[in-house]
Amino acid sequence: MAEAAAGTNKTPPRPPNLLGRHDFPEISGRIASVVLQGRLPRYFWTAFFLFFLLVLLFLYSITYLIAVGVGAYGINIPVAWGTMISSFVWWIGIGHAGTLISAVLLLLRQPWRASINRFAEAMTLFAVAMAGLYPILHLGRPWFFYWLLPLPDTHMRWPQWRSPLVWDFAAIATYATVSLLFWYMGLLPDLAILRDRARSRAAQIFYGLLAMGWRGSAYHWARYESVYYLMAALATPLVVSVHSIVSLDFTFAIVPGYHSTIFPPYFVAGALLSGFAMVLTIAIPLRWAFSVEDLITLKHMDNAAKLMIASGMVVAYGYVSEAFFAWYSGEAYERTMMVERAIGPYAWMFWAMLVCNCGVLQLLWLRAVRRNMPVLFIVAVIINVGMWLERYVIVVSGPSRDFLPSAWDEQSLTWLDYGILFGSLGTFFALVFLFIRILPAITIFEVEELAEEGKGS
(Lines give C-alpha, C1' and ligand atoms only; values in the text may rest on other atoms or scores of the structure.)
Protein backbone atom coordinates (compact mmCIF):
# COMPACT_ATOMS: atom_id res chain seq x y z
CA MET A 1 0.00 0.00 0.00
CA ALA A 2 2.81 2.38 0.89
CA GLU A 3 4.58 1.60 -2.39
CA ALA A 4 1.37 2.21 -4.31
CA ALA A 5 0.84 5.53 -2.55
CA ALA A 6 4.41 6.54 -3.27
CA GLY A 7 3.95 5.60 -6.90
CA THR A 8 0.83 7.74 -7.28
CA ASN A 9 2.60 10.76 -5.75
CA LYS A 10 5.53 10.66 -8.12
CA THR A 11 6.18 13.87 -10.00
CA PRO A 12 6.45 13.68 -13.78
CA PRO A 13 9.98 12.88 -14.95
CA ARG A 14 12.14 15.82 -15.91
CA PRO A 15 12.86 16.14 -19.62
CA PRO A 16 16.48 15.33 -20.57
CA ASN A 17 19.10 17.72 -21.89
CA LEU A 18 19.21 15.81 -25.17
CA LEU A 19 16.70 13.46 -26.74
CA GLY A 20 17.89 10.17 -28.18
CA ARG A 21 21.38 8.88 -28.84
CA HIS A 22 23.86 10.98 -30.78
CA ASP A 23 27.43 10.50 -31.98
CA PHE A 24 30.01 13.12 -32.83
CA PRO A 25 29.74 13.01 -36.66
CA GLU A 26 25.95 13.26 -36.52
CA ILE A 27 25.95 16.27 -34.17
CA SER A 28 28.69 18.20 -35.97
CA GLY A 29 27.19 17.32 -39.35
CA ARG A 30 23.71 18.53 -38.48
CA ILE A 31 24.80 21.79 -36.89
CA ALA A 32 27.56 22.59 -39.38
CA SER A 33 25.38 21.81 -42.41
CA VAL A 34 23.29 24.93 -41.74
CA VAL A 35 26.43 27.03 -42.18
CA LEU A 36 28.42 25.07 -44.76
CA GLN A 37 25.66 23.70 -46.99
CA GLY A 38 23.14 26.49 -46.56
CA ARG A 39 20.34 24.16 -45.49
CA LEU A 40 17.95 26.99 -44.72
CA PRO A 41 14.16 26.93 -45.09
CA ARG A 42 12.68 29.20 -47.74
CA TYR A 43 10.76 31.17 -45.16
CA PHE A 44 14.11 31.96 -43.46
CA TRP A 45 15.00 34.35 -46.26
CA THR A 46 11.44 35.68 -46.44
CA ALA A 47 11.58 36.62 -42.76
CA PHE A 48 15.06 38.07 -43.23
CA PHE A 49 13.80 40.27 -46.08
CA LEU A 50 10.99 41.62 -43.90
CA PHE A 51 13.43 42.45 -41.12
CA PHE A 52 15.79 44.02 -43.64
CA LEU A 53 13.00 46.45 -44.57
CA LEU A 54 13.00 47.53 -40.93
CA VAL A 55 16.79 47.94 -41.17
CA LEU A 56 16.21 50.42 -43.99
CA LEU A 57 13.64 52.20 -41.84
CA PHE A 58 16.22 52.35 -39.03
CA LEU A 59 18.85 53.86 -41.30
CA TYR A 60 16.40 56.40 -42.68
CA SER A 61 15.21 57.37 -39.19
CA ILE A 62 18.77 57.86 -37.93
CA THR A 63 19.66 59.94 -41.00
CA TYR A 64 16.58 62.10 -40.51
CA LEU A 65 17.33 62.53 -36.80
CA ILE A 66 20.90 63.65 -37.45
CA ALA A 67 19.81 66.02 -40.23
CA VAL A 68 16.92 67.63 -38.34
CA GLY A 69 17.94 67.26 -34.68
CA VAL A 70 16.58 65.62 -31.53
CA GLY A 71 13.57 67.92 -31.54
CA ALA A 72 12.18 65.75 -34.34
CA TYR A 73 11.20 63.01 -31.90
CA GLY A 74 8.85 63.34 -28.97
CA ILE A 75 10.82 65.01 -26.21
CA ASN A 76 10.07 68.35 -24.62
CA ILE A 77 10.49 70.23 -21.38
CA PRO A 78 10.10 68.76 -18.78
CA VAL A 79 10.19 65.31 -20.47
CA ALA A 80 13.75 65.50 -21.79
CA TRP A 81 14.16 61.70 -21.72
CA GLY A 82 11.77 59.65 -23.83
CA THR A 83 11.79 56.60 -26.06
CA MET A 84 15.54 56.83 -26.65
CA ILE A 85 16.46 56.24 -23.01
CA SER A 86 13.55 53.81 -22.50
CA SER A 87 14.75 51.66 -25.41
CA PHE A 88 18.36 51.96 -24.24
CA VAL A 89 17.51 50.51 -20.82
CA TRP A 90 15.34 47.82 -22.45
CA TRP A 91 18.06 46.70 -24.88
CA ILE A 92 20.70 46.57 -22.16
CA GLY A 93 18.36 44.35 -20.14
CA ILE A 94 17.81 41.96 -23.04
CA GLY A 95 21.54 41.34 -23.23
CA HIS A 96 21.71 40.14 -19.62
CA ALA A 97 20.24 36.68 -20.21
CA GLY A 98 23.06 35.83 -22.60
CA THR A 99 25.67 36.64 -19.96
CA LEU A 100 23.77 34.69 -17.31
CA ILE A 101 23.38 31.60 -19.52
CA SER A 102 26.97 31.76 -20.76
CA ALA A 103 28.97 32.71 -17.70
CA VAL A 104 26.94 32.16 -14.54
CA LEU A 105 25.50 28.78 -15.54
CA LEU A 106 28.93 27.68 -16.75
CA LEU A 107 30.43 28.41 -13.34
CA LEU A 108 27.52 26.60 -11.70
CA ARG A 109 28.17 23.54 -13.93
CA GLN A 110 24.69 23.52 -15.42
CA PRO A 111 24.81 21.20 -18.48
CA TRP A 112 21.50 22.39 -19.94
CA ARG A 113 23.10 25.66 -21.04
CA ALA A 114 25.06 23.88 -23.78
CA SER A 115 22.43 23.98 -26.52
CA ILE A 116 21.33 27.59 -26.07
CA ASN A 117 24.39 29.49 -24.87
CA ARG A 118 25.77 30.27 -28.34
CA PHE A 119 22.82 32.20 -29.75
CA ALA A 120 22.18 33.70 -26.31
CA GLU A 121 25.71 35.13 -26.38
CA ALA A 122 25.16 36.47 -29.90
CA MET A 123 21.87 37.98 -28.73
CA THR A 124 23.81 39.79 -26.00
CA LEU A 125 26.23 41.32 -28.50
CA PHE A 126 23.49 42.49 -30.86
CA ALA A 127 21.36 43.86 -28.01
CA VAL A 128 24.32 45.78 -26.57
CA ALA A 129 25.07 47.16 -30.05
CA MET A 130 21.50 48.44 -30.32
CA ALA A 131 21.64 49.85 -26.78
CA GLY A 132 24.90 51.65 -27.45
CA LEU A 133 23.39 53.61 -30.33
CA TYR A 134 20.62 55.21 -28.28
CA PRO A 135 22.67 57.42 -25.90
CA ILE A 136 24.77 58.54 -28.87
CA LEU A 137 21.71 59.49 -30.91
CA HIS A 138 20.23 61.19 -27.85
CA LEU A 139 23.27 63.48 -27.53
CA GLY A 140 21.94 65.91 -30.12
CA ARG A 141 25.41 66.10 -31.67
CA PRO A 142 26.23 62.39 -32.06
CA TRP A 143 29.37 63.09 -34.10
CA PHE A 144 30.98 64.28 -30.86
CA PHE A 145 30.33 61.04 -29.00
CA TYR A 146 34.08 60.52 -28.52
CA TRP A 147 34.05 63.40 -26.01
CA LEU A 148 32.68 60.84 -23.56
CA LEU A 149 36.05 59.10 -23.61
CA PRO A 150 38.55 60.04 -20.86
CA LEU A 151 40.73 61.86 -23.37
CA PRO A 152 43.77 63.95 -22.31
CA ASP A 153 43.51 67.69 -22.29
CA THR A 154 44.03 68.02 -26.04
CA HIS A 155 40.44 69.15 -26.42
CA MET A 156 40.67 71.41 -23.35
CA ARG A 157 37.98 69.41 -21.61
CA TRP A 158 37.47 66.28 -19.55
CA PRO A 159 34.30 64.19 -19.39
CA GLN A 160 31.77 65.29 -16.82
CA TRP A 161 31.96 62.37 -14.42
CA ARG A 162 28.68 63.37 -12.79
CA SER A 163 26.89 62.81 -16.09
CA PRO A 164 25.00 59.52 -16.60
CA LEU A 165 26.21 59.54 -20.21
CA VAL A 166 29.77 58.91 -19.03
CA TRP A 167 28.64 56.10 -16.73
CA ASP A 168 26.63 54.51 -19.54
CA PHE A 169 29.56 54.76 -21.94
CA ALA A 170 31.87 53.01 -19.47
CA ALA A 171 29.28 50.33 -18.67
CA ILE A 172 28.42 49.57 -22.30
CA ALA A 173 32.06 49.55 -23.41
CA THR A 174 33.05 47.14 -20.63
CA TYR A 175 30.04 44.89 -21.18
CA ALA A 176 30.48 44.76 -24.96
CA THR A 177 34.22 44.06 -24.76
CA VAL A 178 33.99 41.23 -22.22
CA SER A 179 30.94 39.69 -23.93
CA LEU A 180 32.64 39.78 -27.34
CA LEU A 181 35.83 38.14 -26.04
CA PHE A 182 33.85 35.49 -24.13
CA TRP A 183 31.67 34.74 -27.18
CA TYR A 184 34.64 34.48 -29.53
CA MET A 185 36.56 32.31 -27.08
CA GLY A 186 33.70 29.83 -27.01
CA LEU A 187 33.56 29.80 -30.81
CA LEU A 188 37.15 28.65 -31.37
CA PRO A 189 36.59 24.85 -31.25
CA ASP A 190 33.51 25.11 -33.47
CA LEU A 191 35.33 27.34 -35.97
CA ALA A 192 37.97 24.64 -36.26
CA ILE A 193 35.25 22.07 -36.94
CA LEU A 194 33.82 24.26 -39.69
CA ARG A 195 37.33 24.74 -41.10
CA ASP A 196 37.91 20.98 -41.25
CA ARG A 197 34.49 20.16 -42.71
CA ALA A 198 34.37 22.96 -45.27
CA ARG A 199 34.78 21.88 -48.91
CA SER A 200 35.29 25.22 -50.63
CA ARG A 201 38.69 26.83 -50.37
CA ALA A 202 37.17 30.20 -49.46
CA ALA A 203 35.31 28.71 -46.49
CA GLN A 204 38.42 26.86 -45.35
CA ILE A 205 40.45 30.07 -45.38
CA PHE A 206 37.67 32.10 -43.72
CA TYR A 207 37.04 29.72 -40.84
CA GLY A 208 40.71 28.80 -40.62
CA LEU A 209 41.70 32.39 -39.99
CA LEU A 210 38.97 32.76 -37.37
CA ALA A 211 40.00 29.48 -35.67
CA MET A 212 43.48 30.93 -35.04
CA GLY A 213 45.30 27.63 -35.47
CA TRP A 214 43.10 25.56 -33.15
CA ARG A 215 44.09 21.86 -33.41
CA GLY A 216 42.14 20.39 -30.52
CA SER A 217 45.25 19.07 -28.78
CA ALA A 218 45.35 18.35 -25.06
CA TYR A 219 47.52 21.45 -24.64
CA HIS A 220 44.94 23.61 -26.42
CA TRP A 221 42.04 22.19 -24.42
CA ALA A 222 43.83 22.68 -21.09
CA ARG A 223 44.60 26.33 -21.86
CA TYR A 224 41.15 26.84 -23.32
CA GLU A 225 39.29 25.61 -20.26
CA SER A 226 41.42 27.70 -17.91
CA VAL A 227 40.90 30.89 -19.89
CA TYR A 228 37.21 30.17 -20.58
CA TYR A 229 36.37 29.74 -16.91
CA LEU A 230 38.47 32.76 -16.00
CA MET A 231 36.55 34.89 -18.49
CA ALA A 232 33.27 33.49 -17.18
CA ALA A 233 34.27 34.61 -13.68
CA LEU A 234 35.12 38.03 -15.11
CA ALA A 235 31.80 38.31 -16.97
CA THR A 236 29.61 37.18 -14.06
CA PRO A 237 29.77 40.46 -12.05
CA LEU A 238 28.65 42.29 -15.17
CA VAL A 239 25.18 40.77 -14.79
CA VAL A 240 24.73 42.86 -11.66
CA SER A 241 27.04 45.81 -12.22
CA VAL A 242 26.05 46.99 -15.71
CA HIS A 243 22.33 47.35 -15.13
CA SER A 244 22.94 48.70 -11.65
CA ILE A 245 24.95 51.51 -13.25
CA VAL A 246 22.10 52.11 -15.70
CA SER A 247 19.64 52.31 -12.80
CA LEU A 248 21.85 54.88 -11.08
CA ASP A 249 21.20 57.19 -14.04
CA PHE A 250 17.76 57.62 -12.50
CA THR A 251 18.46 57.12 -8.80
CA PHE A 252 20.89 60.05 -8.62
CA ALA A 253 18.28 62.44 -10.04
CA ILE A 254 16.08 64.20 -7.46
CA VAL A 255 12.96 63.60 -9.52
CA PRO A 256 9.74 61.98 -8.29
CA GLY A 257 9.73 58.36 -9.41
CA TYR A 258 13.49 58.30 -10.02
CA HIS A 259 15.08 58.83 -6.61
CA SER A 260 14.74 55.29 -5.24
CA THR A 261 17.22 52.87 -3.70
CA ILE A 262 15.20 49.88 -4.95
CA PHE A 263 16.21 50.61 -8.54
CA PRO A 264 19.52 48.63 -8.82
CA PRO A 265 18.13 45.17 -7.84
CA TYR A 266 14.79 46.05 -9.44
CA PHE A 267 16.44 46.90 -12.77
CA VAL A 268 18.67 43.80 -12.68
CA ALA A 269 15.67 41.52 -12.12
CA GLY A 270 13.77 43.27 -14.92
CA ALA A 271 16.77 42.83 -17.19
CA LEU A 272 16.88 39.10 -16.56
CA LEU A 273 13.12 38.83 -17.12
CA SER A 274 13.24 40.62 -20.48
CA GLY A 275 16.46 38.82 -21.45
CA PHE A 276 15.07 35.34 -20.91
CA ALA A 277 11.87 36.36 -22.66
CA MET A 278 13.96 37.29 -25.71
CA VAL A 279 15.91 34.00 -25.46
CA LEU A 280 12.61 32.12 -25.70
CA THR A 281 11.44 34.41 -28.50
CA ILE A 282 14.49 33.31 -30.53
CA ALA A 283 14.85 29.71 -29.33
CA ILE A 284 11.29 28.52 -29.98
CA PRO A 285 11.20 29.43 -33.70
CA LEU A 286 14.85 28.29 -34.08
CA ARG A 287 14.25 24.77 -32.77
CA TRP A 288 11.17 24.44 -34.97
CA ALA A 289 12.68 25.90 -38.16
CA PHE A 290 15.77 23.66 -38.10
CA SER A 291 14.16 20.58 -36.49
CA VAL A 292 16.51 20.55 -33.50
CA GLU A 293 13.91 19.73 -30.87
CA ASP A 294 16.16 16.85 -29.79
CA LEU A 295 19.05 19.25 -29.11
CA ILE A 296 17.09 22.21 -27.73
CA THR A 297 14.65 20.21 -25.65
CA LEU A 298 11.70 20.99 -23.45
CA LYS A 299 14.10 21.06 -20.49
CA HIS A 300 15.76 24.19 -21.86
CA MET A 301 12.41 25.89 -22.36
CA ASP A 302 11.18 24.77 -18.94
CA ASN A 303 14.29 26.01 -17.12
CA ALA A 304 14.27 29.36 -18.93
CA ALA A 305 10.60 29.81 -18.00
CA LYS A 306 11.37 29.02 -14.36
CA LEU A 307 14.11 31.65 -14.32
CA MET A 308 11.58 34.08 -15.76
CA ILE A 309 9.26 33.30 -12.85
CA ALA A 310 12.03 33.93 -10.33
CA SER A 311 13.12 37.25 -11.84
CA GLY A 312 9.53 38.26 -12.60
CA MET A 313 8.46 37.88 -8.99
CA VAL A 314 11.33 40.14 -7.93
CA VAL A 315 10.07 42.67 -10.47
CA ALA A 316 6.56 42.38 -9.02
CA TYR A 317 8.01 42.96 -5.55
CA GLY A 318 9.70 46.06 -6.95
CA TYR A 319 6.35 47.40 -8.18
CA VAL A 320 4.79 46.87 -4.75
CA SER A 321 7.82 48.32 -2.95
CA GLU A 322 7.86 51.40 -5.15
CA ALA A 323 4.19 52.12 -4.48
CA PHE A 324 4.47 51.37 -0.76
CA PHE A 325 7.45 53.65 -0.13
CA ALA A 326 5.90 56.44 -2.17
CA TRP A 327 3.05 56.33 0.32
CA TYR A 328 5.17 55.58 3.41
CA SER A 329 7.65 58.40 2.72
CA GLY A 330 4.95 61.00 3.22
CA GLU A 331 6.31 63.07 0.33
CA ALA A 332 3.48 64.73 -1.56
CA TYR A 333 5.41 64.69 -4.83
CA GLU A 334 6.09 60.95 -4.71
CA ARG A 335 2.48 60.20 -3.80
CA THR A 336 1.19 62.42 -6.59
CA MET A 337 3.49 60.77 -9.10
CA MET A 338 2.25 57.27 -8.19
CA VAL A 339 -1.37 58.39 -8.35
CA GLU A 340 -0.75 59.99 -11.73
CA ARG A 341 0.80 56.76 -12.98
CA ALA A 342 -2.38 54.92 -12.10
CA ILE A 343 -4.98 57.46 -13.31
CA GLY A 344 -3.01 60.02 -15.32
CA PRO A 345 -2.23 60.27 -19.03
CA TYR A 346 0.03 57.19 -18.96
CA ALA A 347 -2.40 55.07 -16.96
CA TRP A 348 -3.13 52.70 -19.85
CA MET A 349 0.58 51.95 -20.17
CA PHE A 350 0.91 51.46 -16.42
CA TRP A 351 -1.94 48.95 -16.23
CA ALA A 352 -0.86 47.19 -19.44
CA MET A 353 2.60 46.88 -17.89
CA LEU A 354 1.16 45.21 -14.78
CA VAL A 355 -0.97 42.84 -16.85
CA CYS A 356 1.95 41.81 -19.05
CA ASN A 357 4.69 41.53 -16.42
CA CYS A 358 2.70 40.33 -13.43
CA GLY A 359 -0.56 38.85 -14.72
CA VAL A 360 0.63 36.95 -17.78
CA LEU A 361 3.77 35.89 -15.91
CA GLN A 362 1.68 33.78 -13.52
CA LEU A 363 0.84 31.40 -16.38
CA LEU A 364 4.40 30.12 -16.21
CA TRP A 365 3.66 28.42 -12.89
CA LEU A 366 1.75 25.84 -14.94
CA ARG A 367 3.90 23.04 -16.33
CA ALA A 368 1.54 22.69 -19.28
CA VAL A 369 2.24 26.30 -20.29
CA ARG A 370 6.00 25.99 -19.85
CA ARG A 371 6.06 22.98 -22.17
CA ASN A 372 3.59 24.26 -24.75
CA MET A 373 5.79 26.04 -27.27
CA PRO A 374 3.20 28.25 -29.06
CA VAL A 375 1.75 29.45 -25.75
CA LEU A 376 5.21 29.96 -24.24
CA PHE A 377 6.26 31.99 -27.28
CA ILE A 378 3.21 34.25 -26.94
CA VAL A 379 3.89 34.72 -23.22
CA ALA A 380 7.52 35.64 -23.95
CA VAL A 381 6.50 38.23 -26.56
CA ILE A 382 3.91 39.75 -24.22
CA ILE A 383 6.48 40.05 -21.42
CA ASN A 384 8.94 41.72 -23.80
CA VAL A 385 6.27 44.28 -24.67
CA GLY A 386 5.44 44.74 -21.00
CA MET A 387 9.08 45.32 -20.09
CA TRP A 388 9.41 48.05 -22.71
CA LEU A 389 6.24 49.68 -21.34
CA GLU A 390 7.74 49.50 -17.85
CA ARG A 391 10.89 51.30 -18.97
CA TYR A 392 8.85 53.97 -20.74
CA VAL A 393 6.57 54.51 -17.73
CA ILE A 394 9.57 54.89 -15.41
CA VAL A 395 11.43 57.25 -17.73
CA VAL A 396 8.52 59.51 -18.69
CA SER A 397 6.09 59.57 -15.77
CA GLY A 398 8.50 61.16 -13.27
CA PRO A 399 9.57 64.24 -15.27
CA SER A 400 6.08 64.74 -16.69
CA ARG A 401 4.71 65.10 -13.14
CA ASP A 402 7.50 66.74 -11.19
CA PHE A 403 7.46 69.51 -8.56
CA LEU A 404 5.59 72.32 -10.36
CA PRO A 405 2.10 71.51 -11.67
CA SER A 406 2.38 74.52 -13.95
CA ALA A 407 5.29 72.76 -15.71
CA TRP A 408 3.52 69.42 -16.18
CA ASP A 409 3.43 68.15 -19.73
CA GLU A 410 3.14 64.88 -21.63
CA GLN A 411 5.32 63.48 -24.35
CA SER A 412 3.83 63.26 -27.85
CA LEU A 413 5.36 60.37 -29.76
CA THR A 414 6.22 61.04 -33.40
CA TRP A 415 6.83 58.70 -36.32
CA LEU A 416 10.55 58.97 -35.54
CA ASP A 417 10.08 57.37 -32.12
CA TYR A 418 8.37 54.39 -33.71
CA GLY A 419 10.79 54.32 -36.65
CA ILE A 420 13.88 54.08 -34.45
CA LEU A 421 12.28 51.57 -32.04
CA PHE A 422 10.95 49.16 -34.67
CA GLY A 423 13.98 49.78 -36.85
CA SER A 424 16.28 48.68 -34.03
CA LEU A 425 14.15 45.56 -33.55
CA GLY A 426 14.43 44.77 -37.25
CA THR A 427 18.19 45.35 -37.18
CA PHE A 428 18.56 43.11 -34.13
CA PHE A 429 16.69 40.20 -35.72
CA ALA A 430 18.42 40.71 -39.08
CA LEU A 431 21.76 40.35 -37.28
CA VAL A 432 20.47 37.19 -35.58
CA PHE A 433 19.52 35.77 -39.00
CA LEU A 434 22.96 36.55 -40.43
CA PHE A 435 24.60 34.98 -37.39
CA ILE A 436 22.62 31.76 -37.89
CA ARG A 437 23.70 31.68 -41.55
CA ILE A 438 27.42 32.33 -40.98
CA LEU A 439 28.22 30.73 -37.60
CA PRO A 440 26.84 27.69 -35.72
CA ALA A 441 23.88 28.77 -33.61
CA ILE A 442 24.28 25.73 -31.33
CA THR A 443 27.59 24.95 -29.64
CA ILE A 444 28.90 21.82 -31.37
CA PHE A 445 31.58 20.66 -28.94
CA GLU A 446 29.50 21.18 -25.78
CA VAL A 447 26.56 19.23 -27.23
CA GLU A 448 29.02 16.48 -28.18
CA GLU A 449 30.24 16.41 -24.58
CA LEU A 450 26.65 15.98 -23.37
CA ALA A 451 26.10 13.12 -25.79
CA GLU A 452 29.35 11.43 -24.73
CA GLU A 453 28.51 11.66 -21.05
CA GLY A 454 25.16 10.04 -21.69
CA LYS A 455 23.15 12.96 -20.35
CA GLY A 456 20.86 12.88 -23.33
CA SER A 457 19.58 9.40 -22.64
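**Exercise 1. In the loop between H10 and H11, find serine 291 and describe its backbone and its exposure.**

Step 1. Start with the location: this predicted model puts serine 291 in the loop that joins H10 to H11.
Step 2. Now look at the backbone. Serine 291 has a positive phi, near 50°, and is a residue other than glycine.
Step 3. Finish with the surface. The relative accessible area of serine 291 is 48%, and with exposed set at over 50%, serine 291 is partly exposed.

**Exercise 2. Examine the backbone at arginine 109 and at proline 78.**

Step 1. Arginine 109 sits in the loop between H5 and H6.
Step 2. Its phi is positive, about 60°, although arginine 109 is not a glycine.
Step 3. A relative accessibility of 59% makes arginine 109 exposed.
Step 4. Move on to proline 78, which belongs to the loop between H3 and H4. Here the feature is the peptide bond: from isoleucine 77 to proline 78 it is cis, with omega near 20°.

**Exercise 3. Work out the geometry of the pair formed by phenylalanine 44 and tryptophan 45, then place it among the aromatic residues.**

Step 1. Get an overview first: the model holds 47 aromatic pairs.
Step 2. Take the rings of phenylalanine 44 and tryptophan 45. Their centres are 5.1 Å apart and their planes meet at 85°, so this pair is edge-to-face.
Step 3. Check each partner against the solvent side. Phenylalanine 44 is buried at 6% relative accessibility, whereas tryptophan 45 is partly exposed at 40%.
Step 4. Compare with another edge-to-face pair, tryptophan 81 and phenylalanine 250, whose centres are 5.5 Å apart and whose planes are at 90°.
Step 5. Trace where these two rings come from. Tryptophan 81 is in the loop between helix H3 (42–68) and helix H4 (83–94), while phenylalanine 250 is in helix H9 (residues 218–251), so the pair ties together parts 169 residues apart in sequence.
Step 6. Tryptophan 81 is partly exposed at 23% relative accessibility, and phenylalanine 250 is buried at 1%.
Step 7. Return to the starting pair and widen the view: Phe44 and Trp45 belong to one aromatic cluster, whose members also include Phe48, Trp90, Trp91, Phe290 and Phe428.
Step 8. As a last ring to inspect, try phenylalanine 267: arginine 391 lies over its face, 5.0 Å from the ring centre.

**Exercise 4. Identify the residues with the most contacts inside the largest nonpolar core, and look closely at leucine 364.**

Step 1. The largest nonpolar core contains 145 residues, and those with the most contacts inside it are Trp91, Phe119, Phe290, Leu364, Phe428, Phe435 and Ile436.
Step 2. Helix H10 (residues 263–289) gives the largest share of this core, 16 residues.
Step 3. Zoom in on leucine 364. Setting aside residues up to four places away in sequence, leucine 364 touches Ala305, Met308, Ile309, Val369, Arg370, Leu376 and Val379.

**Exercise 5. Asparagine 384: is this residue buried or exposed, and which residues surround it?**

Step 1. Asparagine 384 is part of helix H15.
Step 2. Its relative accessibility is 6%, and since buried means under 20%, asparagine 384 counts as buried.
Step 3. Leaving out neighbours within four places in sequence, the contacts of asparagine 384 are Trp90, Ser274, Ala277, Met278 and Thr281.

**Exercise 6. Describe the largest pocket and the largest cavity, and say which helices line them.**

Step 1. Begin with the pocket, which holds about 460 Å³ of space.
Step 2. Its lining has 19 residues, and Val385, Trp388, Leu421, Phe422 and Leu425 lie nearest the centre.
Step 3. Assign the lining to helices: H4, H10, helix H13 (347–359), helix H15 (373–400) and helix H16 (415–438) each supply at least two residues. H16 provides the largest share, six residues.
Step 4. Turn to the cavities. Four of 30 Å³ or more are found in the whole structure, and the largest has about 80 Å³ of space.
Step 5. Residues lining that largest cavity include Gly98, Thr99, Glu121, Ser179 and Ala235.
Step 6. Helix H5 (96–107), helix H6 (117–138) and helix H7 (164–197) are the elements giving two or more residues to this lining, with the largest share, four residues, coming from H5.

Terms used
Residues are numbered from 1 along each chain as its sequence is written. This is a predicted model: local features need pLDDT of at least 70, side-chain atom pairs count only at pLDDT 80 or more; totals for chains, interfaces and linings use all residues. Side-chain values use heavy atoms; hydrogens and water are left out. A nonpolar core is a set of buried Ala, Val, Leu, Ile, Met, Phe, Trp, Tyr and Cys residues joined through side-chain atoms within 4.5 Å. Buried means under 20% relative accessible area, exposed over 50%, partly exposed in between (1.4 Å probe, protein chains only). Contact means heavy atoms within 4.5 Å. Rings of Phe, Tyr and Trp (its six-membered ring) pair if their centres lie within 6.5 Å; planes under 30 degrees apart count as stacked, over 60 as edge-to-face and the rest as tilted. A charge sits over a ring if NZ of Lys or CZ of Arg is within 6 Å of the ring centre and within 35 degrees of the ring normal. On a 1 Å grid over the protein atoms alone, a cavity is a set of points where a 1.4 Å probe fits but cannot get out, and a pocket is an open set with protein on both sides within 12 Å along at least five of seven lines; lining residues have an atom within 4 Å of a point. Grid points are joined across faces, edges and corners, and a volume is the space filled by probe spheres set on the points.
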